[in-house]
Each structure stands twice: as structure tokens, then as C-alpha cells.
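This briefing sets out the architecture, aromatic contacts, charged contacts and surface of one protein chain. Please read the points below alongside the sequence and coordinates.

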Amino acid sequence: MIDARDHGWAYPAPGDLELVQRFLNLHEHAVGRDVDLAPSRERLEAFLRDRELLRPNERLTGRDR
């Protein structure tokens with residue numbers, strides 16, 4: 001996962017916008033190709049659980065994604 005806080009050139013967005021910034025940074029770039037890969041369901045679930053936006057026993061469905 002790309003995390004804006006891991007890069008010296010990127011500054012976190014102010015206030016609640018940091019959550020949006022970090023969510024958008026979940027995608028992966030295919031090296032050498034102009035393709036963005038959507039994050040896996042597991043990665044999305046972990047992101048949402050870490051921020052208490054998804055309960056521990058909740059699962060994302062394909063429709064949620």
C-alpha cells in the first residue's frame with residue numbers, strides 16, 4: 001500500500017481530508033505499465049477496520065466495492 005506519510009515529498013491533506021487521501025492511495029501501480037490496480041477486498045477491509053469504519057465481524061461484498 002502506498003502511504004502518503006511514507007514519502008518526504010507528499011504532505012498529508014488537512015483535517016478529515018487525510019482520510020480521503022489515504023483511501024485514494026490504496027491503489028497499486030503496475031510497474032512499467034499505465035494501469036492502476038484496485039485494492040483487494042482484504043486491503044480495503046483492513047483500511048476500514050483500522051479507522052473503525054468497519055466492524056471486526058463485518059465483511060465487504062462485491063457490491064460494496
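In this predicted model, Phe23 is partly exposed, because its relative accessible area of 40% lies between the limits of 20% for buried and 50% for exposed. Phe23 takes part in an aromatic pair with Phe47, and Phe23 also belongs to a nonpolar surface patch. The points that follow treat these two settings, then the salt bridges and the chain as a whole.

**Aromatic pair**

- A search of the whole structure returns one aromatic pair.
- The ring centres of Phe23 and Phe47 lie 5.8 Å apart, and the planes meet at 55 degrees, so the pair is classed as tilted. An angle over 60 degrees would have counted as edge-to-face, and one under 30 degrees as stacked.
- Distant parts of the chain are linked by this pair: Phe23 sits in helix α1 and Phe47 in helix α2, with their positions 24 residues apart in the numbering.
- Phe47 counts as buried, because its relative accessibility is 4%, whereas Phe23 is partly exposed at 40%.

**Nonpolar surface patch**

- A nonpolar patch on the surface is formed by Leu17, Val20, Phe23 and Leu24, which together have about 380 Å² of accessible area.
- Leu24 is placed in helix α1, which covers residues 17-24.
- Leu24 is exposed, because its relative accessible area of 54% is over 50%.

**Salt bridges**

- Side chains of opposite charge can pair when their charged atoms come close. The structure holds five salt bridges.
- Which residues are linked in a network of salt bridges? The network consists of Arg41, Glu42, Glu45, Arg49 and Arg59.
- Within the network, Arg41 forms a salt bridge with Glu42, and the closest N and O atoms are 3.7 Å apart. Both residues are partly exposed: Arg41 has a relative accessibility of 26%, and Glu42 has one of 48%.
- Glu45 and Arg59 also meet through their side chains in a salt bridge, at 3.6 Å from N to O. The pair links distant parts of the chain, as Glu45 lies in helix α2 (residues 41-50) and Arg59 in the segment after α2, 14 residues apart.
- Is Glu45 buried or exposed? Glu45 is buried, because its relative accessible area of 3% is under 20%.
- A further salt bridge joins the side chains of Arg55 and Glu58, with an N to O distance of 3.5 Å. Arg55 is exposed at a relative accessible area of 56%, while Glu58 is partly exposed at 28% relative accessibility.

**Chain as a whole**

- The protein chain has two helices and two strands, and from the N terminus on the elements run α-β-β-α.
- The protein chain has 65 residues, of which 23% count as buried.
- Among contacts between residues at least 6 apart in sequence, 27% join residues at least 24 apart.
- The accessible surface of the protein chain amounts to about 5,300 Å², and 53% of this surface belongs to carbon and sulfur atoms.

Note on methods. Residues numbered from 1 in each chain as written. Predicted model: local features only at pLDDT ≥ 70, side-chain atom pairs only at ≥ 80, totals over all residues. Heavy atoms only, no water. Patch = residues over 30% accessible without salt bridge, like charges linked within 9 Å, V, L, I, M, F, W, Y side chains within 5 Å. Areas by Shrake-Rupley, 256 points an atom, 1.4 Å probe, with all protein chains shown as cover. Salt bridge = Lys/Arg side-chain N within 4 Å of Asp/Glu carboxyl O. Helix = DSSP H or I, 4+ residues; strand = E, 2+ residues; numbered from the N terminus. Buried < 20%, exposed > 50% of the residue type's maximum accessible area, 1.4 Å probe, protein only. Phe/Tyr/Trp six-rings, centres within 6.5 Å; stacked < 30°, edge-to-face > 60°. Contact = heavy atoms within 4.5 Å.
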